[in-house]
Amino acid sequence: MSQPLPRAFEDAVGAAVDYRPGPIMTFADLFCGIGGFHLAASALGLKCAYACDIDEQARKAYEANFGITPGNDIIQAKPSELPEFDLLCAGFLCQPFSIIGDRKGLADPRGALFREIIRLAREKRPAALVLENVRQLVSIKGGSVFDRILQDIAGLGYYTDHRILNALDYGLPQKRERVLIVATRKRFDAFPWPDRKTPMKPLSGVLEKNPDSRYFVSDKIRESRRKAHSSPHKIGIWHENKGGNVSSHPYSCALRAGASYNYLLVNGERRLTPREMLRLQGFPDEYKIISNDSQIRKQAGNAVPVPLAYTAIQGVLQVYDQSTATKGQRNKA
Ligand SMILES: C[S@@+](CC[C@H](N)C(=O)[O-])C[C@H]1O[C@@H](n2cnc3c(N)ncnc32)[C@H](O)[C@@H]1O
């Protein structure tokens, strides 16, 4: 159920503010990274009006793949100079909220970048927002940070909903849980999250046949892993946690931007290749890799799994009665 706004408040906000009513044709990709939201939104027929990311390598990858040059620091973005857009997408910085981070939440200057989303949404008044973050965002400080985020969005006159989605349930062999926040100016009774899970693609469909020898670890590391763990899986990804415990699964644990080099090892013996990391995030093989291995690790570890972004945007389109079957027509337009 969407959080209902008090009638008087809705009258005040809804009457005073001229929101874009839909249909949803264009999107802004804030904190665009290498474009997980872009892939999802364009697969649903939407056109990118604006993107920005402070990271030069991410901007270059975005431009090489989508032909759009993203803006730089969002703090410098002037709403009056930006094009109009119907949907605002943002995977805002997750480090301040992640279990790996220090849990300071919005007090951390990187967490405060959320304020930039509010600033641009207030000025540009898109019909809808789709935001993504780590699942821990929902529970830090007893849920007070998340409540504040939802209140700030509702305060602009949006109905909101959220759900924790796991990439494993959306076809990808990666356990990656993310909270997706959706916000629409149009009221909805129940946001159309899908009921059914998409079967996980097996790891064999993601792993490269003949990876370069540079991805294989030293004998010493391989032996230490084997001493620590014996895997029941013919093909598995071995995960070493921060405490040094090793486990293995027929899928990957979450890719992380700043993790130690060998924390994920295919069959306990080699690192994932850049293409494999992108596949684990749902990026198609046509996606051009233009960065070096360590940059791709960071970029892939930061990205939103494409099917999760797709699911949330598809739901928003349904709220606006835009059947996704119209995709072809809108693509042609
Ligand atoms: C969690 S990642 C988003 C990844 C993206 N959704 C994707 O699919 O690749 C956050 C991104 O915010 C960018 N960023 C951090 N500070 C920024 C700022 N001040 N302005 C614009 N982008 C920023 C980072 O470079 C990073 O790429």
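I call a residue buried if 20 or more other C-beta atoms lie within 10 Å of its own, exposed if 12 or fewer, and partly exposed in between, with C-beta atoms placed from the backbone. This is a predicted model, so I take local features only at pLDDT of at least 70 and side-chain atom pairs only at pLDDT 80 or more, while totals for chains, interfaces and linings use all residues. Residue numbers start from 1 along each chain as its sequence is written.

**Overview**

I looked up the whole protein. Helices (H or I, at least four residues) and strands (E, at least two) are DSSP runs, numbered from the N terminus. The protein has 10 helices and 11 strands. Of its 333 residues, 43% are buried. Then I checked contacts, which are residue pairs with C-beta atoms, placed from the backbone, within 7 Å. Among contacts with a separation of 6 or more, 70% come from residues 24 or more positions apart.

**Helix H9**

I looked up H9, which covers residues 306-319. 13 of its 14 residues are buried, so the rest of the structure largely encloses H9. From first C-alpha to last, H9 reaches 20 Å, close to the expected 20 Å. That expectation is 1.5 Å times one less than the number of residues. After H9 comes Asp321, with a positive phi near 60 degrees.

**Six-stranded sheet**

I traced the strand order as E2-E1-E3-E4-E7-E5, an open sheet of 6 strands with mixed pairing. E2 (47-52) and E5 (159-166) stand at the edges with a single partner strand each, so one side of each has no neighbour in the sheet. Neighbouring strands here are turned by 15 degrees against each other on average, direction ignored. For angles I use axes that are lines fitted to C-alpha atoms, for helices over the stretch in contact, and values run from 0 to 180 degrees between N-to-C directions. Two strands pair if DSSP finds at least two bridges between them.

I then went through the pairs:

- E1 and E3 (residues 87-91) run parallel over 4 bridges. Ala28 has Leu88 in E3 as its bridge partner.
- E4 and E7 are antiparallel over 7 bridges. Leu131 faces Ile181 in E7.
- E5 and E7 are antiparallel over 8 bridges. Asn166 faces Glu177 in E7.

How enclosed is E7 (residues 177-184)? I find 7 of its 8 residues buried, so E7 is largely enclosed by the rest of the structure.

Two helices lie across this sheet's strands. H2 lies across E1, E2 and E3, at about 150 degrees to E3. H4 lies across E1, E3 and E4, at about 175 degrees to E3.

**Three-stranded sheet**

I found another open sheet, with 3 strands in the order E9-E8-E11 and antiparallel pairing. E9 (246-249) and E11 (264-266) are the edge strands with a single partner each, so each has one side without a neighbour in the sheet. The average turn between neighbouring strands is 25 degrees, direction ignored. E8 (residues 237-240) and E11 are joined by 3 bridges. His239 has Leu264 in E11 as its bridge partner.

**Ligand shell**

I listed the residues near the ligand, meaning those whose C-beta atom, placed from the backbone, lies within 6 Å of it. There are 22 around the ligand, and Phe31, Gly33, Gly36, Asp55 and Gly91 come nearest. The shell divides into 14 nonpolar, 5 polar and 3 charged residues. Here Ala, Val, Leu, Ile, Met, Phe, Trp, Tyr, Cys and Pro count as nonpolar, Asp, Glu, Lys and Arg as charged, and the others, Gly among them, as polar.

**Positive phi**

I returned to Phe31. Its phi is positive, near 55 degrees, in a residue other than glycine. Phe31 sits in the loop between E1 (26-30) and H2 (36-43). Phe31 is buried, with 26 other C-beta atoms within 10 Å.

Arg125 is not a glycine, yet its phi is positive, about 50 degrees. Arg125 lies in the loop between H4 (114-124) and E4 (128-134). Is Arg125 buried or partly exposed? Arg125 counts as partly exposed, with 19 C-beta neighbours inside 10 Å.

**Leu278**

I looked up Leu278 in H7 (residues 274-280). Leu278 is buried, with 24 other C-beta atoms within 10 Å. Beyond its neighbours within four places in sequence, Leu278 is in contact with Phe283, Tyr287 and Ala300. The C-alpha atoms of Leu278 and Ile296 are separated by 8.4 Å, at 18 residues apart along the chain.
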